[in-house]
Amino acid sequence: MTAQAGTVTVITSFPKDLTQAYKVAFEKSHPGITLEFLNKNTVAGIAYVRETPAGNRPDVFWASAPDAFELLAQAKLLAKATDLANPKVPDKIGSFPINDTAGLYFGQALAGYGIMYNTRYLKAHKLTAPVEWKDLLAPAWFGHVGITSPSRSGTMHLTAETILQGEGWTEGWRTLLRMSGNSSAVTERSFGVPDGVNNGQFGAGPVIDFFGLSSKFSKFPVEFVYPSETSIVPANIALIAGAKNTEEAKQFIRYSLDLPGQELLLDPKISRLPVLPYSELKGKIPDGYPDPAEIAKRSKVHFDVDLSQSRYYVVQSLYDQTITFRLKELQQATKAIYDAERKLGDKAKTGKAAELLAQARKLAWDPLVDDKQAADPAFQKLFSGDKRDASVSQKITQQEGEWNGKARANYDEAVKLANQAAAL
């Protein structure tokens, strides 16, 4: 196969272990084509493509979040390329389509969401290994969890959406707020959580499976578990509309979907789930490797990408204003509630103390936006509007300021109420 000379620029959120492996293997099999990776988190990647004029854009978008590809497709920033699909890839994983039906993007790997934990850390702090998200909400886990933000990580956005869709809007936010109240930090990138679990900074945290599996297969003292509320969805690859080197980019996308590119996913440093059926990868699957079809069958969540895409920026803004930028106050409220419960014992369950603690929990752990408002198309449209428009930006800033102020006031009040309960 004669390769065309040129450079293919790939914008991706994936770590260097993965991108470097693909660069070496692809360039070896396609002499004359150079792969150049532009590493940005998914949200920043979308913004970069949106803001770059046609003719100067990167060639390929490669990331884990299917809702991000829907946003790019709606903005007409992806090029149709139906000829790139690998016919050996199944149509669906569980009930979720692997490829876009319009041929704008393709599932290149499969990804699930779950909990990564450090076995030595758990032993040292006498913590029970978590199995479900709810396990990370126990008072014993206070200060031992690491998290990141959906606005900083497409995979964290999908984790948050999986919980919101699995538990419902209100209960899902209670889980996110309580888990965050137990956290010791909000990391700057999605890599920060698995790195922190690997080195013992955190006991556990929510991560995409390949972070946990690659660390485990690289002999770190860690385990990874898929809760019953997980989702197996495609990590996608797409040709960007208005790209510079379309034909060479197509060769890279085709390579990533064919057998050589799929086998690379099984490298212990990468540890991703292929989209090709395991029957096509005979003898290549490591012992104990997860089977995505089985995980999808067990999962309670049937991920709705349209729902996730419709409230994409609402979830990010609400999370940042109530968690990321108010973590200290959320931690203080969470600790005050735990301290009161521990001090009062059974007395916390009845009378005035129970009433005060119920109010404190509601203030600390209930979302500021109800499910009805979150589903309002006008509300969603505001947050997905062009922030370069001064009137749009002003409205968003005003709303975010109200949430931020309300969150701080609620957390402060929760501390007071918990302290009042403890004093009884």
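Which helices each supply at least two residues of the lining of the largest pocket? In this predicted model, select helix 2 (42-51), helix 13 (312-322) and helix 18 (390-423), since these are the helices that do.

**Stop 1: the largest pocket**

Keep those helices on display and add Ala47, Arg50, Tyr313, Gly385 and Lys387, the lining residues that lie nearest the centre of the largest pocket. The full lining has 19 residues. Coloured by class, the lining of the largest pocket shows seven charged, six polar and six nonpolar residues. The space in this pocket comes to about 470 Å³.

**Stop 2: the second largest pocket**

Next, go to the second largest pocket, which holds about 250 Å³ of space. To centre the view, select Pro15, Asp17, Asp195, Phe211 and Ser214, the closest to its centre among the 16 residues that line it. Then show helix 1 (16-29), helix 7 (192-198) and helix 8 (209-217), each of which gives two or more residues to this lining. Helix 8 gives the most, with four residues. By class, the lining of the second largest pocket has nine nonpolar, four polar and three charged residues.

**Stop 3: helix 9**

Finally, select residues 246-257, which form helix 9. Place a distance label between its end C-alpha atoms: they are 17 Å apart, in agreement with the 16 Å that twelve residues should span at 1.5 Å a residue. Is helix 9 enclosed or open to the outside? It is largely enclosed by the rest of the structure, because nine of its twelve residues are buried, with buried meaning under 20% relative accessible area. To see them, select Glu248, Ala249, Lys250, Gln251, Phe252, Ile253, Tyr255, Ser256 and Leu257.

How values were computed: Residues are numbered from 1 along each chain as its sequence is written. This is a predicted model: local features need pLDDT of at least 70, side-chain atom pairs count only at pLDDT 80 or more; totals for chains, interfaces and linings use all residues. Side-chain values use heavy atoms; hydrogens and water are left out. On a 1 Å grid over the protein atoms alone, a cavity is a set of points where a 1.4 Å probe fits but cannot get out, and a pocket is an open set with protein on both sides within 12 Å along at least five of seven lines; lining residues have an atom within 4 Å of a point. Grid points are joined across faces, edges and corners, and a volume is the space filled by probe spheres set on the points. Ala, Val, Leu, Ile, Met, Phe, Trp, Tyr, Cys and Pro count as nonpolar, Asp, Glu, Lys and Arg as charged, and the others, Gly among them, as polar. The expected span of a helix is 1.5 Å times one less than its number of residues. Buried means under 20% relative accessible area, exposed over 50%, partly exposed in between (1.4 Å probe, protein chains only).
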